[in-house]
Amino acid sequence: MAFQLPPLPYAKSALEPHLSARTLEFHHDHHHRTYVEKLNKLIEGTPFAKQALEEIVLATAKAQDKAKIDIFHNAAQAWNHTFLWNCMTPRGGGKPDGTLAKQIDDAFGDLDKFHEEFKKAATGQFGSGYAWLVDSSGTLKIRKTANADNPMVEGETPLLACDVWEHAYYLDYQDKRADFVDVFLDHLVSWSFVAEQLQLAGRQTGAPKTAKAARR
Ligand code: MN3
């Protein structure tokens, strides 16, 4: 069975006024769909066709040949975007609580300092890519990756992702990526999803087990 484009976990207009329905229409219905469709074509008739999305990402991450690199780009982008949709929620933002809040304070000092560092990573990533909050062997860290790359390849567990490619914000924020990142953290981030990923990270014993929705 081929991979399906998962529906957005909210209505396209649900993140307005912070992110427009038009941005989500292009980003989800066009960009994300293309990754899923290309992946299906590339893996048809190969052993990858029987694997879960995360398995394909991990198996092709360090590939040297072009066919596998293409599979990695599309598989990782399919995974990353499903994860990204879940990282946002209507009436998001605010403050995390419980264990997550404590771990953010422990790792970064406080939420404002986390915001500052996450924003630095997001604005410092040249061209396309992502800023991430990850669990790295029990410690929270901020990462930035280029293009389709995902910290799970390095054995870290993604907790939060922000797509910093222009298609993620250009219709609403034009070239003001820093403004988009502020809005992402202040009004869109789903701290309950991040907390859930942190809980899963604590339980995992092996390959990252996140973004259930990304699986078939
Ligand atoms: Mn994107």
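This is a short tour of a predicted model, going from its sheet to a helix and then to a metal site.

**Stop 1: the sheet**

Select strands S1, S2 and S3. They form an open sheet of 3 strands in the order S2-S1-S3, and the pairing is antiparallel. Strand S2 (139-146) and S3 stand at the edges. Each has a single partner strand, so one side of each is left without a neighbour in the sheet. From one strand to the next, the twist averages 20°.

Now keep S1 and S3. S1 covers residues 129-136 and pairs with S3 in the antiparallel sense over 6 bridges. Label Asp-135 and look across: Thr-157 in S3 stands opposite.

Stay on S3, residues 157-163. Is this strand mostly covered or mostly open? It is mostly covered, with 7 of its 7 residues buried.

**Stop 2: helices across the sheet**

Add helix H8, residues 191-203. H8 lies across S1, S2 and S3, and runs at about 150° to S3. Next add helix H4, residues 98-108. H4 lies across S1 and S2, at about 75° to S2.

**Stop 3: the two faces of H4**

Show the side chains of H4. Which residues of H4 are buried? They are Leu-100, Ala-101, Ile-104 and Phe-108. These residues cover an arc of only 100° around the axis, which puts them on the same side of H4.

What do the buried residues of H4 pack against? Select helix H5 (111-124), S1, S2 and H8 to see their partners.

Turn to the face of H4 directed away from its buried side. There you find the exposed residues Gly-98, Thr-99, Lys-102 and Asp-106. Then step just past the end of H4 to Gly-109, which takes a positive phi of about 110°.

**Stop 4: the manganese ion**

Select the manganese ion and its donors. Which residues coordinate the ion? His-27, His-81 and His-167 each do so through NE2, and Asp-163 through OD. The distances are 2.0 to 2.2 Å. Along the chain, the donors follow the spacing H-x53-H-x81-D-x3-H.

Pick out two of these donors, His-27 and Asp-163. His-27 is in helix H1 (residues 21-43), while Asp-163 is in strand S3. The pair links distant parts of the chain, 136 residues apart. Both His-27 and Asp-163 are buried.

Asp-163 brings the tour back to S3, the edge strand from the first stop.

Notes: Residues numbered from 1 in each chain as written. Predicted model: local features only at pLDDT ≥ 70, side-chain atom pairs only at ≥ 80, totals over all residues. Heavy atoms only, no water. Buried < 20%, exposed > 50% of the residue type's maximum accessible area, 1.4 Å probe, protein only. Helix = DSSP H or I, 4+ residues; strand = E, 2+ residues; numbered from the N terminus. Pairing = 2+ DSSP bridges. Axes fitted to C-alpha atoms, helices over the stretch in contact; angles between N-to-C directions. Contact = heavy atoms within 4.5 Å. Donors = N, O, S within 2.8 Å, 3.2 Å for Na, K, Ca; no water. Arc of directions from axis to C-beta.
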